[in-house]
Structures are given as C-alpha cells and as structure tokens.
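Trainee: I should like a close look at a single part of this structure, followed outward to whatever surrounds it. Please take one strand as the starting point and keep the account connected.

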Amino acid sequence: MSRSLVQLGYFTRTALRGLRSSPITSAIAVITIGVSLVLVGAFMLLLGNMEGLLDRFGDDLYVTAYLDDALAAEDQRALVELVTTVEGVEHVRMVSKEEALERFRAGVGRGAALLEGLDENPLPASLEITLAPARRTSDGLRIVVESLDGLPGVADLASGQDWVEGYLRAVALIRGVGIGLGVILALATLLIVANTIRLAVLARDDEIEILALVGASRAFVAVPFLLEGLVQGAAGGAAALVLLLGIFHLVLPGFEFGLEFLLGGVAPRFFSGAEAAALVGGGASLGLFGSVAALSGGWRA
Amino acid sequence: MTRGGRSSRFWSRDRRGVPALESRGDAAIRMFHVSKAYGAGSFALRDVSLEFRKGEFVFLTGPSGAGKTTLLKLLFSAEQPSEGQIVVLGRNIARLGRTAVPLLRRRIGVVFQDFKLLPRRTVEENVALSLDVVGTPRRAVRQKVFAILKQLGLQHRRYHHPLSLSGGEQQRIAIARALVNEPEILLADEPTGNLDPDLTLDIMDLIASAATRGTTVIVATHELSLVSRYGKRAVRLDGGGVVEDSLPPGAPA
Ligand SMILES: Nc1ncnc2c1ncn2[C@@H]1O[C@H](COP(=O)(O)OP(=O)(O)OP(=O)(O)O)[C@@H](O)[C@H]1O
Ligand SMILES: [Mg+2]
C-alpha cells in the first residue's frame, strides 16, 4: 500500500532518532553483534577454504597400484585392460620399473648415488589410475580401491584416502564447532539486541503512551523499534565484514606457515559477494528477531 | 471517504446488543447510565446519561474532582466504564477490539490537561503525529502543520522542542495536534488554563469554529465566565454526577 510507503519515511526518521538518542547502548549492541559475527564469519571462511581445497584436491586424486615383480609383460598389459574396465576408473597409465627409477633419480637429485651400489632396480612397476570425476570423493575413492584390491598381480595399493579422510574429519569437526558456536553466539546476540530494544522501549514509554492516545496502531508504534534492531544488526554485520576483510588482508599473510599447513599452499579465498551479503543479512535478521522478542515480551501499546 | 460506510457497518453490529442507543441518528456521543470507579466504592462518575449531537459545542463544568477528565477519558477509550454503555461515532466503546481503538481515536482530537507532548520531538513533529498515524503524505503533513501553527501564532516555533516553550505555547501545540486532522469530535480538557485572557478568547474562537464545521466539541473548564460568554450548552458535574444540563436562555433547543 502507498500508505506504508508514506509511513516508511516516518519510521526511518523515528528509528534513527531512537538510535541517536541512546548512542552508547546502540554502539554496544552493534559491537557485540559485530564481534559475534566476526567469530562466526572466521569459521565460515576457514570451512569455505578447507572445502574448496578438497574440491581442488580431488582433481589430482589418483590411485597407484604397485605391481608384482613376477608379473609378465603380457599379464601387465592384460591387467591394464582389466583395470580400465573397473567402474569409476577414467584412465590408466603404466609406469615401468625403468620409468619409476628415472622419476626417483630426478626426484632425489644427488642422493641418487644411493642407488648406484645396487645391481638391480628395486622399484616396482605401477599403474597410475585416474578416477572418473564423479568418484573424486573420499567415498568414491574407497569404492574404487576396494574393487582393485586383490586383483591378480597387484601387490599393493596406495591412495590419498587416509589423508582425505583425516582432512574430511577435520572439516566436519570444524563445521560442528562452528555451528555450535554460531548457535550460541546467535542466541547471545538475540538476547543483547532484545535487551537493548527493551531498554529503548522503557526509555520511551511516555512516548508510546502518547502515540497510542493519538491513534497510533500497535504496528505504527512497533515498527521504528524493529527498524532500530534491524539497523543495529546490519551495522554489526557490516562491521564484522570489514574486520574480517582487514584480518584477511593484513593479518593472515603473517601466518604463512599455518596457512600452508591448513590449505596445503592453496591461496586462501575471501567471501564471495553473496556470502558477504549473507553475513550482513544474518546480522540484520538477528537484530530484527531480537527486537521482535523484546516487543512481544509482555509489551503493551 | 469510506467513513460513512465503515461506521454504518459497525453500527449494525452494535445494534443487537444496545438497541436503545441508536435511536437518534445525529448523536455523535451517547452515554447510557455510565459509572466509573477507579477503586472499589469511590465513584469518579456515577450514573451519567448524556447525548452530544454532531456539530454541538458543549462546556463541561464543575469543581475540581467532579469527574470532567474522567468523562472525557471514557469517550476516547483511555479508560473503560465500570457500568453503562457508551456509543461514540456509532461504535460501542466496550466492544472495541485492539485494532478498533486506534481507528476510533484517529477520528477524535484530544487536548489533554497535561498536554502530553513528546519532549524529544520538535513542535512540527508533535503536531504532525496525528497525520503520521493515518499515513498522510509528508508534503501534505508539512502544509497542514504549517497552516495550523500559523493560525495559532506558533509557526516561528516549529523547530523548537516543547519543553523550551512556555505553558501557553505548549497548550496551543496540543490544540494544533488535536485539530490538524480535522477530527469529528474534539475533546478539550482545560484548553485555556495556561493562557492570558486575550489569547484565551482567540483560542476558544478557534475551537468553537471547529464546531461550525461539523465537529462535536466538548470543552471541560473551570472558567464560568467563558461559559456565559459563549452562551452554549453547559453540563455541570459534581461528585461524579450531572447536576445541571442547561442551554442558555433563548438558545434554540
Ligand atoms: N487514575 C485515577 N485513579 C484513581 N482515582 C482517580 C484517577 N483519576 C481520577 N481519579 C479520581 O476521580 C475523581 C474525578 O477526577 P477527574 O480527574 O475526572 O476530575 P476533574 O473534574 O477533571 O478535576 P480537575 O478539574 O481538577 O481536573 C477524583 O476524585 C479523582 O481523585
Ligand atoms: Mg481534570
């Protein structure tokens, strides 16, 4: 209705006046919301980056099948054929004993002198098995490894599976802690906003009474308070975003080692536009629900 | 406006419960054996039956504590009667729901004995309140507020805050807020109590002119000189009861 549009101006002016009339209480509410959201946002960033790493890591995911030395050349070729038909396998590449030695030499450089004393090449031939994109997950990997296990001529299987599972467990743990923390902080934030708005209602109860006497509806009285909560929440969200951005660009580069450990050298990524908007919107919703709680708690126009 | 339609709809709803109250169509307010007790046994009003016609100008007189303020409060549903029925603008006060009370109050302008201005808002914003609650567009609000403040000689005060003004100025702001939305009923509780004699007459003329435009005006006052000067109907209360309800000699009934 056009009337609500007309009244939006009044509501905005009244809400801003309310915020200005109690700057300290409002500032405390904004700061508390901001701090809560910085913590939640930090968890979101950490998780987002770790999950992103898993995605990228999946591209390099392959299984190495070490072959029995006793396996004859033609059996090796048959094995390659067989493995290629295994469900979930995209591509198989044969690495001969000689190639393995070459790679080893190239890898260890001068340390290759170690091998000089040996008259026989100790490295086994192997198959490098690339997974179909749909199988590049921890579960997909496990299924493929199980199908390969026990094939005649396969002496041993190696995959990043243990590592991936450990990493996934870490991600799940961090997510759990993050969700738990998020819920607790959201509740605390709701309480703080509710309290701030309740104080504002008390400070202005004379005003509320007079508004009612000149014919203001409950909604007309309530909306500026709801807007106040919303603005506080959104401001807290925006403050959190700015703080996180500052930490991300100014503080994180000082912790290269820790980042290397967590993300394996992948460059950390900040929030996307939508994620950033979600953080601010989350703050705004917390503020809004906080003031709804304050107003529904036994308040009468 | 849909006012006529709206009130007649509610009118028919009220009809079932209070058949005696809607006998006269031109009554703005009907009070039927109304009593009000704030505490047990002490009656601020007792067995008051009165009728105020549309466009009527009535003085409500009586000594301090007679029940004048109480009577006015019942009319805009700031208090509920302990007994009896009140119909205001076709609506039975006792049956107004939570959403209907504000709707009725928007049709009634009230000048409170203690002004009830918002100290944190400017004079302009205070007067604008009656228009803001009904969603009047901002431009129209500014124009109407300016016009009424000018009529009351307060346009130069519109950006001041009420507490920085004199009692008489605050009173006029309260009057401006009550009149700015052209209410169907104007209830004024001692509206000239803080004004000097010249200003009193100006303000009373302004209030009386609302009645000539069809507004039902009820003015509670101690000042009997005012009552005799205007020669209008005067209802005198004492001890919560109506002790006199008189038209001046020669006035049309
Ligand atoms: N809120 C209240 N609680 C208890 N008693 C009240 C209340 N308001 C008024 N009264 C009592 O009701 C009686 C009528 O009061 P009311 O204010 O209606 O008188 P009045 O005619 O307006 O007086 P005045 O001319 O001094 O304004 C008085 O005895 C008063 O003490
Ligand atoms: Mg009084």
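Mentor: The model is a predicted one, and strand 3 of chain B, covering residues 57-61, serves as the starting point. How many residues of this strand are buried? The count is 5 of the 5, so the strand is largely enclosed by the rest of the structure. Its side chains fall into two sets: Phe57(B), Phe59(B) and Thr61(B) point one way, while Val58(B) and Leu60(B) point the other way, and the residues of both sets are all buried.

The neighbours of the strand come next. Strand 3 of chain B pairs with strand 8 of chain B, residues 216-220, in the parallel sense and over 4 bridges. Another parallel pairing, again over 4 bridges, joins strand 3 of chain B to strand 9 of chain B, residues 233-238. Leu60(B) illustrates both pairings: its bridge partner in strand 8 of chain B is Ala220(B), and in strand 9 of chain B it stands opposite Val235(B). In general terms, the strands of a sheet pair through backbone hydrogen bonds, in either a parallel or an antiparallel arrangement.

From the strand, the account turns to the ligand. The residues that surround ligand 1 include Gly62(B), Ser64(B), Gly65(B), Ala66(B) and Gly67(B). Lys68(B), Thr69(B) and Thr70(B) also belong to these surroundings, as do Tyr38(B), Ala44(B) and Gln113(B). Which element gives the most to this shell? Helix 2 of chain B, residues 68-75, does so, with 3 residues. By class, the shell around ligand 1 divides into 3 nonpolar, 7 polar and 1 charged.

Two backbone details of chain B deserve mention. Asp47(B), which is not a glycine, has a positive phi of about 45°. Asp47(B) lies in strand 2 of chain B, residues 42-53, and it is partly exposed because 15 other C-beta atoms lie within 10 Å. Leu89(B), also a residue other than glycine, has a positive phi near 50°. The place of Leu89(B) is the loop between strand 4 (83-88) and strand 5 (91-92) of chain B. Leu89(B) has 22 C-beta neighbours inside 10 Å and therefore counts as buried.

The view can now widen to the partner chain. In the interface, 17 residues of chain B are in contact with 14 residues of chain A. On the side of chain B that touches chain A, helix 3 (100-105) and helix 4 (123-132) of chain B are the elements that give two or more residues. Helix 4 of chain B provides the largest share, 3 residues. This side of chain B divides into 7 nonpolar, 3 polar and 7 charged residues.

Chain A itself has 11 helices and 4 strands, and 30% of its 301 residues count as buried. An open sheet of 4 strands in chain A has the order 2-3-1-4, with antiparallel pairing. Its edge strands are strand 2 (89-95) and strand 4 (154-158) of chain A, each of which pairs on one side only. From one strand to the next, the twist averages 20°. Strand 2 of chain A pairs with strand 3 of chain A, residues 126-131, in the antiparallel sense over 6 bridges, and there Met94(A) stands opposite Leu127(A). Helix 3 of chain A, residues 73-84, packs on the sheet and touches strand 1 (62-67), strand 2 and strand 3 of chain A. The direction of this helix makes about 160° with that of strand 2 of chain A.

How values were computed:
Residues are numbered from 1 along each chain as its sequence is written. Chains are lettered from A and ligands numbered from 1 in the order in which they are written. This is a predicted model: local features need pLDDT of at least 70, side-chain atom pairs count only at pLDDT 80 or more; totals for chains, interfaces and linings use all residues. A residue is buried if 20 or more other C-beta atoms lie within 10 Å of its own, exposed if 12 or fewer, and partly exposed in between; C-beta atoms are placed from the backbone. Two strands pair if DSSP finds at least two bridges between them. A residue is near a molecule or strand if its C-beta atom, placed from the backbone, lies within 6 Å of it. Ala, Val, Leu, Ile, Met, Phe, Trp, Tyr, Cys and Pro count as nonpolar, Asp, Glu, Lys and Arg as charged, and the others, Gly among them, as polar. Two residues are in contact if their C-beta atoms, placed from the backbone, lie within 7 Å. Axes are lines fitted to C-alpha atoms, for helices over the stretch in contact, and angles run from 0 to 180 degrees between N-to-C directions.
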